[in-house]
Amino acid sequence: MIASAPGKIILFGEHSVVYGRHALVSAINLRCRVEAKKSREFRIISPLGVTSLDFKTHPYLSFAVKRFCELKKIDGVELIVKSEIPIASGLGSSSAVTVATLKALSEEFDFHMSNEEIFEIAKKVELDVQGRGSGIDPFISTFGGSWIFPERRRVDISFDFFVIRLWERSTKLMVEKVAKLREKNFEIVESIFDAIDAIALKAPESGIEDFEELIHINQSLLRAIGVSSAEIDEMISKLEKAGFKAKLTGAGGGGCIFGIYRGKRPEGSFIVKPEREGVRIEDS
Ligand code: PMV
């Protein structure tokens with residue numbers, strides 16, 4: 001059985017969403033495909049390598065299988081992963097692989113979990129691996145579309161986006177860094193989170209110019225909470241000089257930056273489109 005799930009772009013609200021604020025998030029037209037085949041042993045084949053259940057090389061896949069086995073006992077499975085989503089870049093590759101794996105397992109072993117059940121387990125897998133998280137990534141990979149999260153309000157995002165990939169980084173470490181800053185400067189960081197919350201709520205009603213202004217403000221606030229860097233700031237100001245507005249998306253410290261695609265894209269960028277469909281079964 002082959003299942004696929006989309007990646008995502010957090011438009012506004014990364015980090016503050018971990019502390020109960022709103023985020024605006026959209027699934028994107030890049031997908032991860034996972035094929036599950038009944039087997040007498042556990043085997044994972046992905047661009048990261050060929051392993052058995054291996055919580056170092058394939059943490060999300062291995063925890064997804066472990067969590068599935070708690071619900072339905074299986075003796076083995078072969079999982080083959082093919083992904084269009086760059087890894088460790090803030091575009092939701094980890095959640096897409098988790099959600100697609102759960103859907104493929106669920107159908108291959110006639111368990112037929114609903115999307116709500118898949119989302120709940122994928123959230124547990126995210127916590128198994130990262131220790132902390134808002135659940136926004138598993139949510140959007142499961143359900144697709146564009147949403148104000150966590151209140152589950154569907155919105156219409158009519159822009160395409162340019163994305164520039166920087167370098168890989170760890171979500172876990174960036175989330176821990178923000179947690180430490182918040183502990184030390186509680187009121188200040190909470191106020192920044194409130195400002196980001198207001199941005200996420202205002203954005204869906206904004207036209208293109210105002211949306212770009214919000215991109216600029218949110219990036220400044222991400223910088224304030226320490227998830228940008230001198231190199232990223234420099235890159236963004238170069239883009240601004242060339243007439244683009246851009247911000248980090250996801251945990252920061254690297255990953256990706258994005259802006260609205262207005263018919264011209266910066267050098268080295270690619271275009272992503274909002275995607276309506278969440279996890280689905282693919283024809284083999
Ligand atoms: O893993 P990323 O880069 O897509 O970041 C997820 C967004 C955070 O807000 C940083 C963490 C979370 O769980 O919401």
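**Strand pairs and a ligand pocket**

Modeller: Ala 23 has Phe 149, in strand 6, as its bridge partner. This is a predicted model, in which local features need pLDDT of at least 70 and side-chain atom pairs pLDDT 80 or more, while totals for chains, interfaces and linings use all residues. Residues are numbered from 1 along each chain as its sequence is written, and side-chain values use heavy atoms, without hydrogens and water.

Colleague: Why are strand 2 and strand 6 called a pair?

Modeller: Two strands pair if DSSP finds at least two bridges between them. Strand 2 and strand 6 (residues 146–149) have four bridges, in the antiparallel sense, and therefore they meet the definition. Strands are DSSP runs of E with at least two residues, and helices are runs of H or I with at least four; both are numbered from the N terminus.

Colleague: What makes strand 1 and strand 5 partners of strand 2?

Modeller: Strand 1 pairs with strand 2 (residues 23–38) over nine antiparallel bridges, and Ser 4 stands opposite Arg 33 of strand 2. Strand 5 (residues 77–83) pairs with strand 2 over seven antiparallel bridges, where Val 34 has Val 81 as its bridge partner.

Colleague: Where does the ligand sit, and how do you know?

Modeller: The ligand sits in the largest pocket. A pocket is an open set of points on a 1 Å grid over the protein atoms alone, where a 1.4 Å probe fits, with protein on both sides within 12 Å along at least five of seven lines. A molecule sits there if more than half of its atoms lie within 2 Å of the grid points.

Colleague: What makes the approach of Lys 8 to the ligand a polar contact?

Modeller: A polar contact is a pair of N or O atoms within 3.5 Å. A polar side-chain atom of Lys 8 is 2.4 Å from a ligand oxygen, so the pair qualifies. Ser 134, with a side-chain N or O atom 2.5 Å from a ligand oxygen, gives another such pair, and for Asp 137 the distance is 3.0 Å. The protein covers 96% of the ligand's own 380 Å² of accessible area, computed by the Shrake-Rupley method with a 1.4 Å probe.

Colleague: Which elements supply at least two residues each to the shell around the ligand?

Modeller: Strand 1 (2–12), helix 4 (136–143) and helix 5 (171–184) each do so.

Terms used
Polar contact = N/O pair within 3.5 Å; in protein donor to acceptor, adjacent residues only side chain to side chain. 1 Å grid on protein atoms, 1.4 Å probe; cavity = no way out; pocket = protein on both sides within 12 Å on 5 of 7 lines; lining within 4 Å.
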